[in-house]
Amino acid sequence: MHICLIFSGLFLFWSTVFFLFSIYFIVEGLTWFLEFNLLMINSSSIVMTLLFDWMTFLFMSFVLFISSMVIFYSREYMASDIFINRFIMLVVMFVFSMMFLIVSPNLISILLGWDGLGLVSYCLVIYYQNVKSFNAGMLTALSNRIGDVALLMAIAWMVNYGSWNYVFYLFQLKGDSYMNVISYLVVLAALTKSAQIPFSSWLPAAMAAPTPVSSLVHSSTLVTAGVYLLIRFNFCFNEWLMYFLLFISSMTMFMSGLGASFEFDLKKIIALSTLSQLGLMMMILSLGSYELAFFHLLTHALFKALLFMCAGNIIHSVGDFQDIRYMGGLVKFLPLTCVYFNISNLSLCGLPFLSGFYSKDLVAEIMSMGYLSFYIYLIFYVSIGLTVCYSFRLVYYSFVGSFNFLSLNSVYEGSVMMIKGMGGLIFLVIFMGSSLSWIIFPYPYVIILPLFMKILTLLMVILGAWIGYELSKFFISYDSLSLKNYSLSWFLSNMWNMPVISTLGINYYPIIGGSFLYKSLDQGWSEVLGSQGIYSVIVSGSKISQIFMNNSIKIFFVLMIVWLMIIFMI
Amino acid sequence: MSLPTGLVSHTQKVKSLYKQALRCLESWYDRREVYRYHAVLMRNRFDLNKDIKDMRIAKDLIAQGEEELFKKQHWLPRKFPHSPGGVAHGREVIPPDWVLDYWHPLEKAQYPEYFARREQRKREYVKLWEKKFGKSEALPH
C-alpha cells in the first residue's frame, strides 16, 4: 500500500520540476542534447543521446502528473487485489519506458522505449487472468508488434546514413526518395501504436485491463506515443504521405465516433472516444500543425484520464458492472463523480471555456482555413458532432436516465482516495487549456473566417448534444431501430468489422492453408516420398542383399579367388 | 466443451428457449416498460402454441424459435459481470494451497521454517480429523 504513496509523491514532485523546466525552456528557447559515451572500440564510439526541449519536458510533466494521480487512485481501486505491488511496479515500468521514449532523439533508444511500452502494456492487459484478457492481450501485443517491426526496418534502412540520430537527418530525409522509406515505416509504426485504421481493434479490446491502466496507458500515454513519434518526425513527411495520413485519420475518427454511438460497454465507449481524438490529432498533424497536435494531445490526456477514472469509480461502485444498460440515474448516488465526469465530458466535446475547447476549436478553425476537399471537411465536422452525440448518450444512460441497477442500497460514493485522485485532475481539466495556449503559443493564431464557419463547431456541438440526448431518451415506437436495421447496426457497432478482420480475417486462411499442408505434405507426400519412402527403399534393398548373405560362403570364396586372380593378372 | 450428459425433455427445451428469448429482449430494450411490453408479447407467442400435442409440429416450432433467436442475437448481450461471458468472470486466479505441497524439495529448503511449521500443522489437522471422525480405512489397492 505504501508503494502507491511513495511513487505517487515521487512522480508528483518530478512532474512539478519538469513543468517548471518546460516553461524555462520555452521562455529561453532552449534545446539541450546530452551525450554519454557508452562504449569506445577503436575509433567507433557508441553514444547515448538524450534530447531535452520544451516539448520533452512538458510531455514528461503531464505523463508523470497523470501517473501520480492514477497510482494514488489505484491505492483504493486495487486495494482488494493481492498483487497490488506487482501492479504498481508494472505501471512504474511503463512510465519509465514512456520517459525513455520521450527523451530519445535516436531510433535505437526509441525502439527500446517503444518495445518497453508494448511489453508492459501487454502485461497490464493480461493483469486479470481470464480468457477475455488473454485474447485482448494477444491482439494488443501482435498489433503493436507490426509497428515494432516497422521501426526495426527503419533502423536497418537508416544504417545507410551511418547514424541513428534521426533528428540530424530530418530535412535530408524529405528530399531523398530512397530514404523516404524511413518516413513510411515510421508512419506505419505510429498507425499501429495510435490504433488507426486498419489497426484499430486492439484499443477497445485492451479495455480488459484494470481501469487505472486504461486511464494512464490507453488514453494519455501509450496511444499518444504514436502521435508523439509523428510530431518528432513530421518535418520529413512528403505531400502524399500527409494526404494518406489525412485520409486514414479522418476515417478512424468517423468510424470510432459511429462505433461509440452503438456501444454499451462504458469503458469501450471511452476507448472509442480516445480513438476518435487520436484521429483528430493525426488529422491536424497531417495538415502540418504539429504544435497544435501536441497541444490537443496534452489537453486530451488530462480530460481522458479523468474520464476513465470516473468510469472506474462508477464500475467500482456498481460491483464490476460495465454495461451502461445496467446504470442510469446514478447522479443521485454518485454526485461528485457525476460532476467530474460531466466536466471532462464537456471538455472532450469542446465546450467553451474548458480545456478541450482551446485545442479542439483551434484545430477546427485551422481545418476550416485550410484548402481541403469537401469530403474531409464534412467528415471532420460530422465526427465532431458524433463525439458530442456519444458523450451525451453516455451521460444519459449512466447518470440521467431511469435507474436500472439491480440493487438500490449498494451504490454510494464511499471511495475517498479515488475521489481525491480524481480531484487532482479536475482543476487542470478546467484551466489547463487556456494556460497551455498561453504557454505554447506566445502569439495567437490568426483566424479569419466568415461568421457561419466560425460558429460551425459550436453549432455541431449543440446539434450533436441534442441528437445524442434525444435519441437515447426519445423513441417513436416500441420497436428497436437497431433491431430493424440489424445488419447496419451490427456493422457500425463492430467498428466496421475491424476486430473480425484483425483476428479471424488474418488467421482464417493461414489456418486453413496450414491444415491442408499438414494433411497433404506433412502427413502426405513428404511422408510417402520422405521418411516412409526412404525407409521402404532401404528395407527392400537390405532384403535383396540379405539373399546374398544367406548361406553363401561358397560365393564369398569364389569371389575372393576371382579378386585374387584379378590382382595377380594386373 | 461440455458434453450432453442427460436427455433434455421437450418442456426443458421450451423453457430454455423462453428464457433465452427474454434475455435477448433484455439486451435490445434497455428501458423497463418497453422491455415489459415485448416480454408480454413474447409470452403470448409461447402461450399460443402451448396446447399443441403433435410433437412433430412442436419440434419444428422450437427449431424455428432457435433460428430466430440466433438471427436476432445482440452484438453485446447483457451479462452479469461475474457470470460466464461477463467482463469480470474468472478475473483473479488464486493458486490453491496444495500447490505448495508439490514444490521441489530444493525449493522447499529455501523456506525451512515455513515448511516445517506447515508439516506440523498438517499432522495436527490429521490428528484433529481422526479424533472427530475416526481413523480412515486404508483404501484397497
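## Setting the burial scale

A residue is called buried when its relative accessible area is under 20%, exposed when that value is over 50%, and partly exposed in between. With that scale in hand, B:R91, at 14% relative accessibility, counts as buried. Please keep in mind that you are looking at a predicted model.

## Chain A at a glance

Let's start with chain A, which has 22 helices and two strands. Its C-alpha trace spans about 115 × 70 × 55 Å along the principal axes. Of the 570 residues in this chain, 56% are buried. If you take the contacts in chain A between residues at least 6 apart in sequence, 81% of them join residues at least 24 apart.

The surface that chain A exposes comes to about 25200 Å², with carbon and sulfur atoms supplying 73% of it. On the charge side, chain A carries 21 positive and 21 negative charges, and the mean positions of the two sets are 9 Å apart.

## Chain B at a glance

Chain B is built from five helices and zero strands, giving the pattern α-α-α-α-α along the sequence. Its radius of gyration is 27 Å, well over the 14 Å that the globule rule gives for 141 residues, so chain B is more spread out than a compact globule. The box filled by its C-alpha atoms is roughly 70 × 40 × 25 Å along the principal axes.

Buried residues account for 22% of the 141 residues in chain B. Among its contacts between residues at least 6 apart in sequence, 45% link residues at least 24 apart. Chain B exposes about 11700 Å², and 59% of that comes from carbon and sulfur atoms. It has 28 positive and 19 negative side chains, and the centres of these two sets lie 3 Å apart.

## Salt bridges within a chain

Over all chains, the structure holds 17 salt bridges. One of them, in chain A, joins A:D148 and A:R145, whose closest N and O atoms are 2.7 Å apart. These two residues sit three apart in helix α5 (residues 131–158) of chain A, so about one helical turn separates them. Their surroundings are worth a look: A:D148 is buried, with a relative accessible area of 4%, while A:R145 is partly exposed at 42%.

In chain B, B:K72 pairs with B:E68 in a salt bridge, the closest N and O atoms being 3.3 Å apart. Here B:K72 is partly exposed, with a relative accessible area of 35%, and B:E68 also counts as partly exposed, at 27%. Chain B also offers a network of salt bridges that links B:D97, B:D101, B:R118, B:E119 and B:K122.

## A salt bridge between the chains

Now back to B:R91, the residue from the opening. Its salt-bridge partner is A:D320, and the closest N and O atoms of the pair are 3.8 Å apart. This pair crosses between chains: A:D320 lies in the loop between α12 (290–317) and α13 (335–349) of chain A, and B:R91 lies in the loop between α3 (55–71) and α4 (105–108) of chain B.

How does burial fall across this pair? A:D320 has a relative accessibility of 22% and counts as partly exposed. B:R91, at 14%, counts as buried, because the cut-off for that class is under 20% relative accessible area.

Conventions:
Residues are numbered from 1 along each chain as its sequence is written. Chains are lettered from A and ligands numbered from 1 in the order in which they are written. This is a predicted model: local features need pLDDT of at least 70, side-chain atom pairs count only at pLDDT 80 or more; totals for chains, interfaces and linings use all residues. Side-chain values use heavy atoms; hydrogens and water are left out. Helices (H or I, at least four residues) and strands (E, at least two) are DSSP runs, numbered from the N terminus. The radius of gyration is taken over C-alpha atoms; the globule rule is 2.2 Å times the number of residues to the power 0.38. Buried means under 20% relative accessible area, exposed over 50%, partly exposed in between (1.4 Å probe, protein chains only). Contact means heavy atoms within 4.5 Å. Accessible areas come from the Shrake-Rupley method with a 1.4 Å probe; for residues, only the protein chains shown count as cover. Lys and Arg count as positive and Asp and Glu as negative; His and the chain ends are not counted. The place of a charge is taken as NZ of Lys, CZ of Arg, CG of Asp or CD of Glu. A salt bridge is a side-chain nitrogen of Lys or Arg within 4 Å of a carboxyl oxygen of Asp or Glu.
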